[in-house]
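Biologist: Before I rely on words such as buried or edge-to-face, I would like to hear the reasoning behind them.

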Amino acid sequence: MSAASQQIAAPAEAQTWFSAAELAALNLPGLPATKRAINQRAREESWASRFGPDETLLVRKRAGRGGGIEYHFSLLPAEAQLELSRRGMIAGAQSADEAEERHDRRWAAFDRLPQKTKDEAAAKLEIINAIETLESAGSTRSAAVASVAAEHEVGASTVFSWLKKIRGVDRRDRLPVLASKRKGGGAKAAIDEELWLAFRSDYLRPSAPTLTSVYERVAAIAEEKGLSLPCERTFRRRLEAEVAPEVITLKREGEEALLRSVPANRRSVKDMHALEWVNIDGHRFDVFVTPPPLHRSTKPIRPMLVALQDVYSRKIVAWRLGTDETALQTRLVFADLFRDWGIPHHALLDNSRAFWSKWITGGHRGHRFRFKVKEDEPIGLLEGVGVRMHAAKPYHGQSKPIERAFRDFCDRIAKHPVCEGAYTGNSPLAKPENYGSRAVEWNVFAALVDEQIAKHNARPGRRTETAKGRSFDEVFAESYARSCIKKGTEEHLRFALLAGVQKKLNKLNGEIVLYGNRYWHNDLRALRGETVTVRYDPDNLHSEVQIYDHKGQHIASAQLLEDSGFADAAGAKEAAKRTGDVRRRAKELERSEELITADALADLQAGAKPPASKPEAGVISPVRHRDAEAQRTSKPKPANDAVTLDRMRAGLLKRAANSQ
């Protein structure tokens, strides 16, 4: 390499202008490697007509021997500029990091612009690219601008202003540079703080008044007090800028609407199995039905469905139809579940008295919202069989998956043709035209509920996480067959079907009085006077009752003691037999004790030896006679009154008479 080439390759100091020969010798990325090719590219890209930010041409005549022209480094491609900056050969140029930072800032600002502004910038860049294409084909800039501007119906002066904007700008940054930077029209209109406070206080109310009505009331306040009032749109813009959207939602729509504006938690059940979790809730049908047999009312009622759903498969596994949501109905639903499928591990309970009754949750230490846990209270159904209980969030339907099934029942049961004329509507404003024209028979409606729940479980095409196009029955059966299920025993079923109440046994004989009936078992005599838990069937009080202690351990099955007539011989024989059994059992137990007779016990006690030695007192205190003590410590009082002298004289005379 010649000395001149070495001088070009390594200039003594940083510079701003380069000739084509110098650029070719530097062998920069993004540029041709020969002088002729660089000049050709300069002609194709119209470097001679480019202007810098200060409105100066970016091409100039080269001073010195040989003449020629020089190009400003800003005309070079970005990669060539970065390489010159890395070598420290250009003056006043940004470093690579600074250039990238400027590029990122431009595009970040461009992303924040409205889509309309972005589309306008893209149209401008398309026109500029068309102009440069004509220039590369040999056309002059003026002719190219005139032709393209006429084609796109844009003024030539406007196009020249766009070309001026991108002078010295990297090609990759042309789009954000061409985007319009619209600004506001000046200072914001001032709003009196008193008016602004009145406006916010009026607008942010649960009644949710319109902004226009609030503005009119604020205008009346401004007129009364002589305050300046900006336009309504000024209030709207300040409201949107200064008041957070969540505050507007909270104040105007309430906390529930605010919570709905937050994405809900999506709970997965893919790691569970059938009968691991169940949830129970009640649903009152919007249908008039005749009361069931033996019901106290004769008017049509709206029946209550208490249903149990398997959380994993969403199958309804047990249900009972009744008149009200009661603990008895809940207990029977769980009994059906224990008998037909087994005992679940967890139960999600709705927060009502029927589900958190002591019959169901007695002994549970968790938060039950209403009741206190007593040490001697009866063990509830779920606590007794080892089911872990969980309370659903109050007034939050999303926490109970069964609510989705109830929505289906509203359509497929309450609006079924069988219920035509008996459907009441789900609100007072949604009553059908034939509202209350008839009532469905209880047995007919119960059969409809059973039929539709079975179809609900068997309907294919379910889109839940576990179903994936299958039915709830199929999902449950597949998981049930390969899962560890706790089966209910006869004791569990008896525990579920019987209600529990605490009673104190009779102190004399251990009998129990329940709703006027007496129950007794011989084993209860040992617990006379104590409190026990009595479990019974409320529908059959003439059957036996089960007796448990407060820990839930079974003691005995007490039989009903039926009353007999005054002259009923059978009743007397039954009582005599009961007394004879007790006497005979007591005699047998007495003989098993093998007690010794009283004479043998007296002989045994007579032969006992007396104590070996007599204990002596350690401290002895002398005891004096009270008269002697009185004589030693006191003297007789002198007889100095008339009464005492008369008594002494009479005594002397009496002793003298006796001596004679």
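The exchange below takes up a few such labels in this predicted model.

Biologist: Why is serine 479 called buried?

Modeller: The relative accessible area of serine 479 is 1%, and buried means under 20%, so serine 479 earns the label. Serine 479 belongs to helix H20, residues 472-481, and, leaving aside residues up to four places away in sequence, touches His273, Ala274 and Tyr312.

Biologist: What makes the pair of tryptophan 341 and phenylalanine 476 edge-to-face?

Modeller: Their ring centres are 5.0 Å apart, where a pair requires centres within 6.5 Å, and the angle between the planes is 80 degrees, where edge-to-face requires over 60; the pair is therefore edge-to-face. Tryptophan 341 lies in the loop between H15 and E7, whereas phenylalanine 476 lies in helix H20, so the pair ties together parts that are 135 residues apart in sequence.

Biologist: How do you know whether tryptophan 341 is buried or partly exposed?

Modeller: Tryptophan 341 has a relative accessibility of 23%, and because partly exposed covers values between 20% and 50%, tryptophan 341 counts as partly exposed. Phenylalanine 476, at 2%, is buried.

Biologist: Why does the charged end of lysine 431 count as sitting over the ring of tyrosine 435?

Modeller: The charged end of lysine 431 is 4.6 Å from the ring centre of tyrosine 435, and the distance limit is 6 Å, with a further condition of lying within 35 degrees of the ring normal. The charged end of lysine 118 likewise sits over the ring of phenylalanine 110, 5.7 Å from its centre.

Note on methods. Residues numbered from 1 in each chain as written. Predicted model: local features only at pLDDT ≥ 70, side-chain atom pairs only at ≥ 80, totals over all residues. Heavy atoms only, no water. Helix = DSSP H or I, 4+ residues; strand = E, 2+ residues; numbered from the N terminus. Buried < 20%, exposed > 50% of the residue type's maximum accessible area, 1.4 Å probe, protein only. Contact = heavy atoms within 4.5 Å. Phe/Tyr/Trp six-rings, centres within 6.5 Å; stacked < 30°, edge-to-face > 60°.
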